[in-house]
Amino acid sequence: MKRGILYAAGAYACWGFFPLYWKLLSSVPALEILAHRMAWSLVFVGFLVLVRGQIGQFLQVLRNRRTVLIYATSALLLGINWYVYIWAVNANHVVESSLGYFINPLVNVGLGMLFLGERVRRWQALAIGLAAIGVVYLSVALGVLPWIALALAFSFGFYGLIRKTAALDSLQGLALETVVFFGPAAAYLLWLETQGTAAFGHQSWTVTLLLAGAGVVTAIPLLLFAAGARQIPMTTLGLLQYINPTMQFSLGVLLYHEPISGAKLLGFAIIWIALALYSLESYLHRGQPIKPAAANGTSS
């Protein structure tokens with residue numbers, strides 16, 4: 001239990017520190033960073049698959065067209081999430097990025113209701129509604145839809161939905177996604193090289209090493225999370241997940257001095273109250289099953 005908490009907390013802490021890493025690459029366009037993240041992730045994950053002796057099993061997976069299509073879709077969603085996040089961090093939108101990961105748990109619940117026939121209790125539904133009010137308030141008060149936060153929350157929410165219903169474990173699934181990534185990413189990086197605009201090997205050695213390390217920093221928290229999730233209850237995991245956006249919000253305000261108006265702070269406060277309500281309700285009812293819906297052709 002304690003080891004599982006350490007693994008999960010370590011994963012969320014790594015994700016919380018991500019703005020520091022991507023800020024060091026602010027001289028590189030977001031799309032080029034994304035391509036390196038995709039390409040080097042395959043190198044690192046492929047090495048792990050090889051070390052675990054799962055190459056034969058993985059080659060069998062590649063022969064299943066349906067599985068490949070499913071993970072190609074999840075890879076597309078993950079790529080969108082990664083690109084928006086990298087761009088947002090280096091465009092000084094760390095605070096709004098943190099909002100996306102604050103509301104992501106509630107988006108997950110909503111998607112579970114819509115697509116998996118899952119049921120929620122009354123206070124959980126109230127929390128989801130309150131978070132929606134917070135997003136609407138931010139849109140009206142600021143005069144613009146918080147699209148960065150919504151893009152991050154929904155891309156990762158749909159990604160989680162696909163991964164929840166997919167057949168492969170976390171390492172095999174990530175390996176297949178990185179295989180899907182690799183072709184377009186490598187082609188784009190080679191094109192940049194022919195155009196003379198590539199950053200890798202042409203800027204400082206620090207930039208080159210950070211680009212090569214993007215695969216490692218991507219895979220490590222995913223593996224820590226997978227190890228922790230198997231050893232601790234979902235309620236504990238749900239509470240730990242707020243480490244990530246809390247750290248991002250703190251970095252955006254305290255380190256990068258991003259402006260946060262009274263209207264934006266009030267919108268965040270509404271969403272924080274919704275999260276506190278949902279987390280408290282889930283904790284108080286931990287271990288208690290939710291009564292399934294009346295027969296309607298879906299499973300709970």
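Two salt bridges are counted in this predicted model. In general, side chains of opposite charge can pair when their charged atoms come close. One of the bridges joins Glu281 and Arg121, with an N to O distance of 2.7 Å. Glu281 belongs to helix H13, which spans residues 262–284. Arg121 sits in the loop between H5 and helix H6 (122–142). The two residues are 160 apart in sequence, and the pair links distant parts of the chain. Both Glu281 and Arg121 are buried.

The other bridge pairs Arg163 with Glu177, whose closest N and O atoms are 3.2 Å apart. Arg163 is part of helix H7, while Glu177 is part of helix H8 (residues 170–195), 14 residues away. This pair, too, is one that links distant parts of the chain. Arg163 has a relative accessibility of 18% and therefore counts as buried, the cut-off for that class being under 20%. Glu177 is buried as well, because its relative accessibility is 0%.

From the charged pairs the account moves to the nonpolar interior. The largest nonpolar core holds 28 residues. Trp22, Leu25, Val28, Ile33, Tyr85, Leu152 and Leu211 are the members with the most contacts inside this core. Several helices contribute to the core: H1 (2–23), H2 (30–51), H4 (65–90), H5 (94–116), H7 (147–165), H9 (205–212) and H11 (234–240) each provide at least two residues. H1 gives the largest share, seven residues.

Leu25 can serve as a point of entry into this core. Leaving aside residues up to four places away in sequence, Leu25 touches Ile33, Asn90, Val207, Leu210 and Leu211. Two of these partners, Ile33 and Leu211, are themselves named among the core residues with the most contacts. A second core, separate from the one just described, has 24 residues, including Phe102, Phe268, Ala274 and Tyr278.

Nonpolar side chains also appear at the surface. Leu31, Tyr83, Trp87, Leu145 and Trp147 make up a nonpolar patch there, and together they have about 480 Å² of accessible area. One of these residues, Trp87, lies in helix H4, a helix that also supplies at least two residues of the largest core. Trp87 counts as partly exposed because its relative accessibility is 32%, which falls between the 20% and 50% limits.

Two loop residues stand out by their backbone angles. In general, most residues other than glycine have a negative phi. Asn92 has a positive phi of about 65° although it is not a glycine. Asn92 is located in the loop between H4 and H5, and its relative accessibility of 47% is why it counts as partly exposed. His257 likewise has a positive phi, near 55°, and is a residue other than glycine. The loop that holds His257 runs between helix H12 (243–255) and H13. His257 has a relative accessible area of 60%, so this residue is exposed.

Finally, there is the domain annotation. An unreviewed UniProt entry carries the annotation "domain: EamA" for residues 3–139 and 148–279. Over residues 3–139 the chain is 86% helix and 0% strand. The C-alpha atoms at the ends of that stretch are 41 Å apart.

Definitions and conventions:
Residues numbered from 1 in each chain as written. Predicted model: local features only at pLDDT ≥ 70, side-chain atom pairs only at ≥ 80, totals over all residues. Heavy atoms only, no water. Core = buried A, V, L, I, M, F, W, Y, C linked by side-chain atoms within 4.5 Å. Buried < 20%, exposed > 50% of the residue type's maximum accessible area, 1.4 Å probe, protein only. Helix = DSSP H or I, 4+ residues; strand = E, 2+ residues; numbered from the N terminus. Contact = heavy atoms within 4.5 Å. Patch = residues over 30% accessible without salt bridge, like charges linked within 9 Å, V, L, I, M, F, W, Y side chains within 5 Å. Areas by Shrake-Rupley, 256 points an atom, 1.4 Å probe, with all protein chains shown as cover. Salt bridge = Lys/Arg side-chain N within 4 Å of Asp/Glu carboxyl O. UniProt positions renumbered as here; feature names shortened; annotations may be inferred.
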